[in-house]
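Reader: I would like to learn how to read the strand pairing and the packing in a model such as this one. Please start with the pairing.

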Amino acid sequence: NYVAPESKALIAGRVKARLAGEDVPSVYETRLTRKDGTVIDAELSAGVIQYRGRPADVGMIRNITERKKIDEALRESEDRFRRFTEATAEGLVFHEKGKIIDANPAALAMYGLTDNAEFVGRNLLEFITPEAHPLVLKQMQLETVLPYEIQCFRADGSTFPVETSTRIYKVGEKTIRASSIRDITERKQAEQALREIQQLLQLVMDNIPQSVFCP
């Protein structure tokens, strides 16, 4: 009477299977109905014992309603965070001790990758040119990293300039670093074009004959 309707068939089937000696999970989740009609989530730990010469099913019940609410809230929070990272045009790379644990689609596109599996689990330094390694390793010792520029590798081996900054987050016992990645190729090209124009103008100015005015 205290088992929620949707769980009755499940529990009855598992009790019957255990008493018949079949191998079934000894711990599982179900829903129970209290005397006042409210429904709770419960975890059942069950087994078979010999009672007065006959096999008997025995179990322990633990109320996990609050845990389920916390789990659901955590899933919703993760879903919101995932939607945010997927929507932003800025590349985001999450890593722990240099090992990549996640990245958003914008970051994958910058590196010329299409599948997160090609990125996750690899060392972050694999995607950074060797001459920048000392700087990156030094920055990894800091808790908050202000924007700085480095050269990175695409999947095809070509390089491109990025501006990156990092923040640290504590997740339980882990220290997760979230690095933002911005492809600054167009900005660098514009800066180079401006320098060339300035050099050309200076060259022209340096070679214009001085005018001589006679009284």
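Reader: How many bridges join strand β4 to β5, and do the two run parallel or antiparallel?

Author: In general, strands of a sheet pair through backbone hydrogen bonds, and the pairing is either parallel or antiparallel. In this predicted model, β4, residues 91–96, is joined to β5 by four bridges, and the two strands run antiparallel. One residue pair to look at is H95 and its bridge partner in β5, I100.

Reader: Which order do the strands of the sheet have?

Author: The order is β5-β4-β8-β7-β6, an open sheet of five strands with antiparallel pairing. Its edges are β5 (99–103) and β6 (144–153), each of which pairs on one side only. On average, neighbouring strands here are turned by 35 degrees against each other, with direction ignored.

Reader: Which strands does helix α5 touch?

Author: Helix α5, residues 185–206, packs on the sheet and touches β6, β7 (159–171) and β8 (174–183). The direction of α5 makes about 135 degrees with that of β7.

Reader: Which residues of the largest nonpolar core touch the most other members?

Author: They are V93, Y111, F119, I128, V136, I150 and C152, out of 23 residues in that core. At least two core residues come from each of β5, α3 (105–110), β6 and β7. The edge strand β6 gives the most, with four residues.

Reader: What is F119 in contact with, leaving aside its neighbours within four places in sequence?

Author: F119 is then in contact with V93, I100, A103, L108, Y111, L113 and F127. I100 in that list is also the bridge partner of H95.

Terms used. Residues are numbered from 1 along each chain as its sequence is written. This is a predicted model: local features need pLDDT of at least 70, side-chain atom pairs count only at pLDDT 80 or more; totals for chains, interfaces and linings use all residues. Side-chain values use heavy atoms; hydrogens and water are left out. Two strands pair if DSSP finds at least two bridges between them. Axes are lines fitted to C-alpha atoms, for helices over the stretch in contact, and angles run from 0 to 180 degrees between N-to-C directions. Contact means heavy atoms within 4.5 Å. A nonpolar core is a set of buried Ala, Val, Leu, Ile, Met, Phe, Trp, Tyr and Cys residues joined through side-chain atoms within 4.5 Å. Buried means under 20% relative accessible area, exposed over 50%, partly exposed in between (1.4 Å probe, protein chains only).
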